[in-house]
Amino acid sequence: MFFIISVFFVITGVSQESISYYKATTDHQNISELKEIEFSTIEDTNLGTDNGIYWFKIDAIDLPRSILELQTSHVKEASLYDVNGQKIGQMDATRYPSFFIINKIVEYPLYLKADFPLEAHFPIQILDENTFAKKDKKNFLGIGFFYGTALALLLATLIFLLTTQNKQFLFYGILIAAVCISIMTRDNILYFFNAKPSIISSIELLGHFLVGLCATGYVFRYLRIKNNKKLIESIFVIISSISFISLCIYWITNTHWSFLVTDFTTVLSVVLLWSFTLYNSKNTKYLLIMIAIYTLDIIVLTDAFLLHGLGKSFFDFSSLQLSIVSLVNFTLIALALIFSFRRIQGKTVIMKHQIKMHLERLSQLSTYKNVQDSNDQYIESLIHQFELENIEIKVLDGISKGLTNERIATKHNLSVEKLKTVTSNLYQKLGIESDQEATGLFT
């Protein structure tokens, strides 16, 4: 279904007109000066970091009435003139800078001026009115399909979050919102509502930053790391800090390099998260499927966020194609979270029963001073079955008795940081979020 939709919606008209370009050295060139300049043939519509002001020369258009559209979300301003310097006004309520051309009232060649502050990306299409209208209908239908589905997933995520109190769904919701923001600006939807290009780019970069921030938050909250956990968390904090600083610099200065640094740190965060996730899942039977999906995700993310801005894009995905890839990913992640939640629920029910039995046995072991002194076979069986460590059993026993964190730490000779780490790991195994939930297991 997704394949059919993608093929159907990405069909667009291809211009057969002769268009050439020239990169301006100054902002004050006029049409008479352009007549003496030699324009170059367009061989690549994305020159990446070679940003600046460009002039495009359209020698002739065969259609009596046509629409010229500059399909890029990273253009600061665009204006079109005929050979006499007569300015052709922009069309209103369009997603991209568009100009309505009537051959009877213009003289060729036409000169299109465009300012690219971030990337020199200039896919220019010239279509007749009917083709332009049909293409817009298809695009808006695809846009409605994507955002409608994304909204439904957000609502479902909110329901799961409120029902289960599992904060994994909160991260999932933030991720959906971040990706939607990124694609919405790539779609240039805000331009349709007359938003300034600088505002659109700032919102787009915020979406990119939130994707990387979600990766960092997931590492701290859910990723189980036994070795070098502090070092790994410090690396993610450093990456997120650099990303935030470069984001702020872009908001203030609108410099191209700060945009690229934010994108680079975002991609790096996701790559590291996926790497650690695959390492932790190396014994799962679904490892090959996970590797295939994660590899595809990283390629798409790198191509869309980073390489496209450098003019090195391998696939040159349209915003609609990115939307389809995102929807597939959203669906897979949602299914994974639901199955994970069901597994945690089932395991927690069994755990509650086992823990209650365990506490009854503990109350009978009055001759022992602490849990570790006991060689009780049942305790060892519990530890083995649910992968609980001795220190986790002791901490859980303290929580069940209503002891404060300070009392538990002092009793077992633990630092505050060590107790937080032990408690966090314990709660992940139990599928709970707080001391109140842990205490509720015993009531």
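**Note on the predicted model: sheet, cores and salt bridges**

1. Ser-66 faces Asp-128, a residue of β11, across a strand pairing. The model in which this register is seen is a predicted one, and the pairing itself involves β5 and strand β11 (residues 124–128), which are joined by five bridges and run antiparallel. This contact is a convenient entry to the structure, and the points below proceed from the sheet to the helices.

2. The second partner of β5 is strand β8 (residues 98–102); these two strands pair in the antiparallel sense, again over five bridges. Here Ile-67 of the pairing stands opposite Phe-100 in β8. Taken together, the three strands make an open sheet in the order β8-β5-β11, with antiparallel pairing. Because β8 and β11 each have a single partner strand, they stand at the edges, and one side of each is left without a neighbour in the sheet. On average, neighbouring strands of this sheet are turned by 25° against each other, direction ignored. Such strands pair through backbone hydrogen bonds, in either the parallel or the antiparallel sense.

3. Is strand β5 enclosed or open to its surroundings? Five of the six residues of this strand (residues 65–70) are buried, so β5 is largely enclosed by the rest of the structure. Arg-65, with 38% relative accessibility, counts as partly exposed, because values from 20% to 50% fall between buried and exposed.

4. Two salt bridges connect β5 with helix α3. In one of them, the side chains of Glu-129 and Arg-65 meet at 2.8 Å, N to O. Glu-129 belongs to helix α3 and Arg-65 to strand β5, so that distant parts of the chain, 64 residues apart, are linked. Glu-129 is partly exposed, at a relative accessible area of 33%. In another, the side chains of Glu-69 and Lys-135 meet at 3.0 Å, N to O. Glu-69 lies in strand β5 and Lys-135 in helix α3, 66 residues apart. Both Glu-69 and Lys-135 are buried.

5. A further salt bridge lies between loops. The side chains of Arg-95 and Asp-187 meet at 3.6 Å, N to O. Arg-95 sits in the loop between β7 (87–88) and β8, and Asp-187 in the loop between α4 and α5 (189–192), so this pair ties together parts that are 92 residues apart in sequence. Arg-95 is buried, with a relative accessible area of 7%, and Asp-187 is likewise buried, at 3%. The count of salt bridges comes to four.

6. Which residues have the most contacts inside the largest nonpolar core? They are Phe-146, Ile-176, Val-211, Leu-273, Phe-305 and Phe-330, in a core of 32 residues. The elements that give two or more residues to this core are the helices α3 (129–164), α4 (168–186), α6 (197–221), α7 (229–253), α8 (256–280), α9 (287–310) and α10 (319–364). Its largest share, eight residues, comes from α9.

7. The surroundings of Leu-273 can be described in detail. Setting aside neighbours within four places in sequence, Leu-273 is in contact with Ala-215, Tyr-218, Val-219, Leu-223 and Phe-236. A second core, separate from the largest one, has 23 residues, including Leu-80, Ile-88, Leu-110 and Ala-114.

8. Towards the later part of the chain, helix α12 (residues 390–400) deserves inspection. This helix is mostly covered, since nine of its eleven residues are buried. The buried positions are Ile-391, Glu-392, Ile-393, Lys-394, Val-395, Leu-396, Asp-397, Gly-398 and Ile-399. In an α-helix there are 3.6 residues a turn, so residues three or four places apart point the same way. After α12 comes Gly-402, whose phi is positive, near 80°.

9. Some totals give the wider setting. The protein chain has 15 helices and eleven strands, and 48% of its 443 residues count as buried. Its accessible surface comes to about 23300 Å², and 60% of that belongs to carbon and sulfur atoms. Of the contacts between residues at least 6 apart in sequence, 74% join residues at least 24 apart.

Technical notes. Residues are numbered from 1 along each chain as its sequence is written. This is a predicted model: local features need pLDDT of at least 70, side-chain atom pairs count only at pLDDT 80 or more; totals for chains, interfaces and linings use all residues. Side-chain values use heavy atoms; hydrogens and water are left out. Helices (H or I, at least four residues) and strands (E, at least two) are DSSP runs, numbered from the N terminus. Buried means under 20% relative accessible area, exposed over 50%, partly exposed in between (1.4 Å probe, protein chains only). Contact means heavy atoms within 4.5 Å. Accessible areas come from the Shrake-Rupley method with a 1.4 Å probe; for residues, only the protein chains shown count as cover. Two strands pair if DSSP finds at least two bridges between them. A nonpolar core is a set of buried Ala, Val, Leu, Ile, Met, Phe, Trp, Tyr and Cys residues joined through side-chain atoms within 4.5 Å. Axes are lines fitted to C-alpha atoms, for helices over the stretch in contact, and angles run from 0 to 180 degrees between N-to-C directions.
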